[in-house]
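These are my notebook entries on a structure I went through element by element, beginning with charged pairs and ending with the chain as a whole.

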Amino acid sequence: MAKKFYVVWIGHQPGIFTDWATCERQTKGFKGAQFKSFPTLEEAELAFKGAPSAVLTTPVVPKVSPKTGSRTTTPIRSASAPVVPTTPELTADVEIFSDGACRGNPGQAGSGLAVYREGVLSELWYGLYASHGTNNTAELLGLHHALLTAKDELLNGFTVSIRSDSEYAINSVTKWAQSWERAQWMDGAKPRKNAEIIKPIYELYRELKGCLTIQHVRGHQGIQGNELADRMAAFAIDTQELDLRRYSDPLDIEEILSFTPG
């Protein structure tokens with residue numbers, strides 16, 4: 001059988017692989033996985049750079065060569081740099097993905113960040129543990145620290161984009177907070193929920209909004225930065241880390257993506 005090259009756009013580890021077994025490991029059990037086989041490396045590389053085809057079918061499982069008994073499982077193009085097939089390309093100097101996780105709602109909560117510089121994963125952050133938090137508070141705290149990180153990067157002359165999968169957190173700060181402030185942070189006769197968290201974020205956003213972009217991304221869709229921020233948020237719960245702490249182990253993306261998701 002002629003050699004094939006397998007492109008995984010969305011899966012546990014996006015990339016180009018030379019054998020079906022490895023491709024299957026990256027896609028099996030992954031909701032919304034998108035992948036396809038190509039007859040040449042050139043075609044695979046071209047497809048990998050673009051978005052998935054409108055219709056993707058499962059590739060035919062190749063037979064193991066009787067001469068070698070196995071095939072290499074090393075990816076031709078791995079996800080050492082962020083692969084974002086369902087969103088615009090990473091174009092800012094610094095891209096910050098923020099996320100929050102909660103076990104029970106309310107329950108144990110934590111936040112995480114994934115920071116990319118020039119399209120390459122640079123650092124991961126985790127923490128802000130709360131024993132009685134919610135998904136929304138964890139997402140808001142993650143966005144707050146993404147903005148704090150962005151401020152430092154902007155002062156150093158870099159362009160910055162923030163990405164979050166929480167429409168609630170983004171809209172609270174960029175759309176709704178202005179009217180909430182006019183209403184003195186009251187929701188009728190009751191205080192606006194999460195106002196004490198949103199107020200400082202909104203103040204910071206107003207300071208920076210003309211200098212950066214904040215975009216929504218779909219969660220758990222194989223977007224590497226979002227997935228890594230998610231794992232850091234869950235890691236914050238596992239470690240019960242109160243401060244926001246930089247992840248100090250090697251940035252082994254495949255290993256980190258194997259962590260318990262949020």
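Entry 1, charged pairs in H6. I looked up Asp230 and Arg231 and found that their side chains meet in a salt bridge, at 3.0 Å from N to O. I keep in mind that the model is predicted, and that these values are computed from it. Asp230 has a relative accessible area of 1% and is therefore buried, and Arg231, at 7% relative accessibility, counts as buried as well. I then followed Arg231 to a further partner, Glu227, with which Arg231 forms a salt bridge whose closest N and O atoms are 2.9 Å apart. Glu227 is buried, as Arg231 is. Because Arg231 and Glu227 are 4 residues apart in helix H6, about one helical turn separates them.

Entry 2, a pair between elements. Which residue does Arg103 pair with in a salt bridge? I found Asp238, the closest N and O atoms being 2.7 Å apart. Arg103 lies in strand E4 (residues 94-104) and Asp238 in helix H6 (residues 224-239), so this pair ties together parts that are 135 residues apart in sequence. I checked the accessibility of both ends: Arg103, at 34%, counts as partly exposed, and Asp238, at 46%, also counts as partly exposed.

Entry 3, a network. I noted that salt bridges link Arg117, Glu123, Glu153 and Arg246 in a network, and I took Glu153 for a closer look. Glu153 is placed in helix H3 (residues 135-155), and its relative accessible area of 8% is under the 20% cut-off, so Glu153 is buried. Leaving out residues up to four places away in sequence, I found Glu153 touching Val94, Arg117, Phe158 and Val160. Over the whole structure I recorded 12 salt bridges.

Entry 4, backbone details. I looked up the bond between Asn105 and Pro106 and found a cis peptide bond, with omega at about 10°; Pro106 is in the loop between E4 and strand E5 (107-117). I also noted two residues that have a positive phi although they are not glycines: Leu128, at about 65°, and Gln240, at about 55°. Is Leu128 buried or exposed? With a relative accessible area of 14%, Leu128 is buried, and I place Leu128 in strand E6 (residues 120-133). Gln240, by contrast, sits in the loop between H6 and strand E11 (244-246) and, at 44% relative accessibility, counts as partly exposed.

Entry 5, a surface patch. Which residues gather in a patch of negative charge on the surface? I found Asp249, Asp252, Glu254 and Glu255 there. Among them I looked up Glu254, whose place is in helix H7 (residues 253-257) and which, at 48% relative accessibility, counts as partly exposed.

Entry 6, the chain as a whole. I recorded 7 helices and 11 strands in the protein chain, and I noted that 47% of its 262 residues are buried. The protein chain exposes about 13100 Å², of which carbon and sulfur atoms supply 51%. Finally I looked up how contacts are spread along the sequence: of those between residues at least 6 apart, 70% join residues at least 24 apart.

How values were computed
Residues numbered from 1 in each chain as written. Predicted model: local features only at pLDDT ≥ 70, side-chain atom pairs only at ≥ 80, totals over all residues. Heavy atoms only, no water. Patch = residues over 30% accessible without salt bridge, like charges linked within 9 Å, V, L, I, M, F, W, Y side chains within 5 Å. Areas by Shrake-Rupley, 256 points an atom, 1.4 Å probe, with all protein chains shown as cover. Salt bridge = Lys/Arg side-chain N within 4 Å of Asp/Glu carboxyl O. Lys, Arg positive; Asp, Glu negative; His and termini not counted. Charge placed at Lys NZ, Arg CZ, Asp CG, Glu CD. Buried < 20%, exposed > 50% of the residue type's maximum accessible area, 1.4 Å probe, protein only. Contact = heavy atoms within 4.5 Å.
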